[in-house]
Amino acid sequence: MSHVTGTSVHVETGHGHGPPPRARHWALRAGWVRAAWMTGFFFLLGLGIVVFFRWLGGYDPTLDWEPVIVVAGLTMAPLGFLAGLGGFDYWVSYALGSPTRPEDHSGHGAYTWRDYFRVNTDHKVIGIQYVSSTVFFFLAGGLMAMLVRAELARPETEFFDTQTYNELFSVHASLMIFLFIIPAFAGLANYVLPLMIGAPDMAFPRLNALSFWLLPIAGIMLLASFFFPGVGAGWTNYPPLSTEQPFGNVFFSMAVQWAGASSIMTALNFLVTIITMRAPGMTFWRMPLLVWANFTTSLLVVIATPFIAGSQFFVMFDKVMHTNFFDPGENGYALGYQHIFWFYSHPAVYIMMLPGFGIASEVISTFSRKPIFGYRLMALSLMAILVLGFSVWAHHMFVSGMATYLRVPMMVTTLLIAIPTGIKVFSWLATLWEGRLHFSAPMLWALGFVSMFVIGGLSGVMLGAVPIDIHVSDTYFIVAHIHYVLLGGSLFTIFAGIYYWFPKMTGRMYNERLAKIHFWLTLVSFNATFFPMHLIGVQGMPRRVATYEPQFGDWNLFISLSSFVLGASFMIFVYNVIVSWKSGPPAPANPWRGMTIEWLVSSPPPVFNFDEVPQVVGNPYEYGVKGARHAILNGDRAAAELEPVRST
Amino acid sequence: MATHAEAAEHHHGPPVANQSSRVDSRVLGMFLFIASEVMLFGAFFTAYFFVRVVAGSPWPEPPFHLPVFVAGVNTAILVTSSFTIHWALQSIKRDNRAGLQAGLVLTLALGIVFLLTQVREYSRVGFNPGDGAFGTIFYGLTGLHGAHVFVGLTLLTFASIRAFRGHFSAAHHHGVEIPGIYWHFVDVMWIVVYVTIYIL
């Protein structure tokens, strides 16, 4: 026994490589073939579980398809898919008692396009997987927006029945929120954050790979919901509307669980990476603001996301198991849903915004050639938003019939958030002040973000005031507000980020002219689409209804036509990205003369980021300061020193 | 650190990551995960609050009764298992493998007894999740907790398999410590559930 213990010490510390991987039959190898049959196998397993327990409990009928779809289709089959793809391979062998292996990096790097379609543990590959798949879901969600606008071009119902219309805008919102904005930020940060803090990878690379592969599952569930109607209660899914939807509503509930699990795992990974893996010299007060932004966002995700998981469990149980969480006839409390939901979903709007603040700070400082104004206050205001964000949820419920004494405190805290947000806006403006501005595409998007976000923020302050909110609740004023903050805010920063790091991620430059056309077309058509919604909203046009009063017809026709231009403008982006990625001019390591660490390595960075962890020697934004450096790479010296070691 | 030494030796792996915190990354990860789990319980307790306090549902809803005594004994069982897992961890810290194995097996056994008692209680308690919001919340909270006991037991089973196959030592016992932290969390959570559902 003692001998065995002795070896296990070696094994645990990772000196041993473990047994060499056995050559497996092609159907048993981790990959798409195994994913296919394991999906089916796990579905049958889930079916068996449901039938067994229904038989055990004496329920009639024994084979009921509703629980089968939830358990086998939406829970077990995705698990089988992940297991087949290889997401759990390491942990299974660990659980069965095989020696621990430190991450052996065999899953690192992407050498052909196929490497993007497997479980890859390289944070850079995962980042690209994230961004590409979220852009796919963005286009799918955008297509639904086009269909919604087509229907709304005329006052009567034209193309869809009302339930289909409800499903279109519900799935549009769900895809954009859960499958685009949140994971697109996670993807960009996945790529650049470890580079920025001088880490060779994330803290838990295998968990990172798994959290990505949960996303397509959630996205496909939302898309599949059109074949199982029922996701027609908005992305907010309020009961009793949601509990009275057709059965397909569970597709929304389960998609949220998968996407939520993905974001919690990624956030946990970011937090541990930022806390434990910063390069020497990288104190918290020397971290780039993107890292700060993702630090606060990840805290929000870890703390808040379980609340939406809970709220969707409740709705699903009420539907499938006929529980009474929200049934007032059985002492349930329907309004409780809104409290629980918004306790997540208000912090969620900061989850969808803070990483964008980080991107804007990077871009604006770099392209103004000036240190960011008020760096510490920029970081502290992020923390202030985090804390305040948990105290404002009921401002979504002023007209819901909740306790009226909650209104004024929630209004006050809501308006207080304008202070840290205002600090950020004025800091960006002060950074621009007397800077040497370079209006490249990332900068245009960042400036577009600041101006559009101010408009959205102002209507947000209006909505935070109880009397105005009561007047415009559930009108197009809300639709205008949400799109100014999430499209003019989050989406613009996502594009700023994609253009800013495109050379780093792909090693090629994008076409600047097309990028600028994309920006201006989007900016103009975006305002033409959403600004008039303020006007018709104040006049009382209700949202989430397929038909409307004829008096709003002219504005709606104009909005719909503008929205088609807005939709078309993204085609320029898709074309630009695909063509540039294939055949754009090679990108230098540092095309924007940035100071943060990701610009010190080649484009794209080497598989393991650095030969040796960089030494951080100063602040990240000392542009225009003579001789200032943020970090020093000593990879060359390290390679020379390692030479004799390698020859042994 | 040895992982990185090995990586440098072959010079095909990543560079040595700088350790910028004294906290171990795996322990920190588990604590963050537990923070998230606490919030999930928080969502369920919020539903409990709305049903019992705001909507004023009678508790327990007549004519039903809650088996306070049996659940109390069950609580004692789960609390005991926290001590046994602690014993297992302390044993391996002193390189006492027999103590580790005995502690893990005892913990597993106590956890399984707890779950089986819970199942027995479900079949005898006389109401089901559809019986008013009271039944819903009762099954919701105890069921959520039961699912966590199941996850904890699964993790402990992995640790046990590894303990019996000769892994872990005084220097390396994260594979026991981290499931142990989770197990303590499950235990503490049960005390909160027991007090709010059965006693108050």
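What is the mean pLDDT of chain A, and what share of its residues reach 70 or more?

## Confidence

The mean pLDDT (the predictor's confidence in each residue, from 0 to 100) of chain A is 91, and 94% of its residues reach 70 or more. Over residues 1–18 of chain A the value is below 50, and this stretch has 32 contacts (heavy atoms within 4.5 Å) in the model beyond near neighbours in sequence. Residues 638–648 of chain A also stay under 50, with 5 contacts beyond four places in sequence.

## Basis

This is a predicted model, in which local features need pLDDT of at least 70 and side-chain atom pairs count only at pLDDT 80 or more, while totals for chains, interfaces and linings use all residues. Residues are numbered from 1 along each chain as its sequence is written, chains are lettered from A and ligands numbered from 1 in the order in which they are written, and side-chain values use heavy atoms, with hydrogens and water left out.

## Nonpolar core

The largest nonpolar core (buried Ala, Val, Leu, Ile, Met, Phe, Trp, Tyr and Cys residues joined through side-chain atoms within 4.5 Å; buried means under 20% relative accessible area, with a 1.4 Å probe and protein chains only) has 258 residues. Helix α6(A) (helices are DSSP runs of H or I, at least four residues, numbered from the N terminus) gives the largest share of this core, 23 residues.

A:Phe178, A:Trp428, A:Trp501 and B:Ile197 have the most contacts inside the core. Beyond four places in sequence, A:Phe178 touches residues including A:Trp235, A:Phe252 and A:Tyr344.

How values were computed
Buried means under 20% relative accessible area, exposed over 50%, partly exposed in between (1.4 Å probe, protein chains only). Helices (H or I, at least four residues) and strands (E, at least two) are DSSP runs, numbered from the N terminus.
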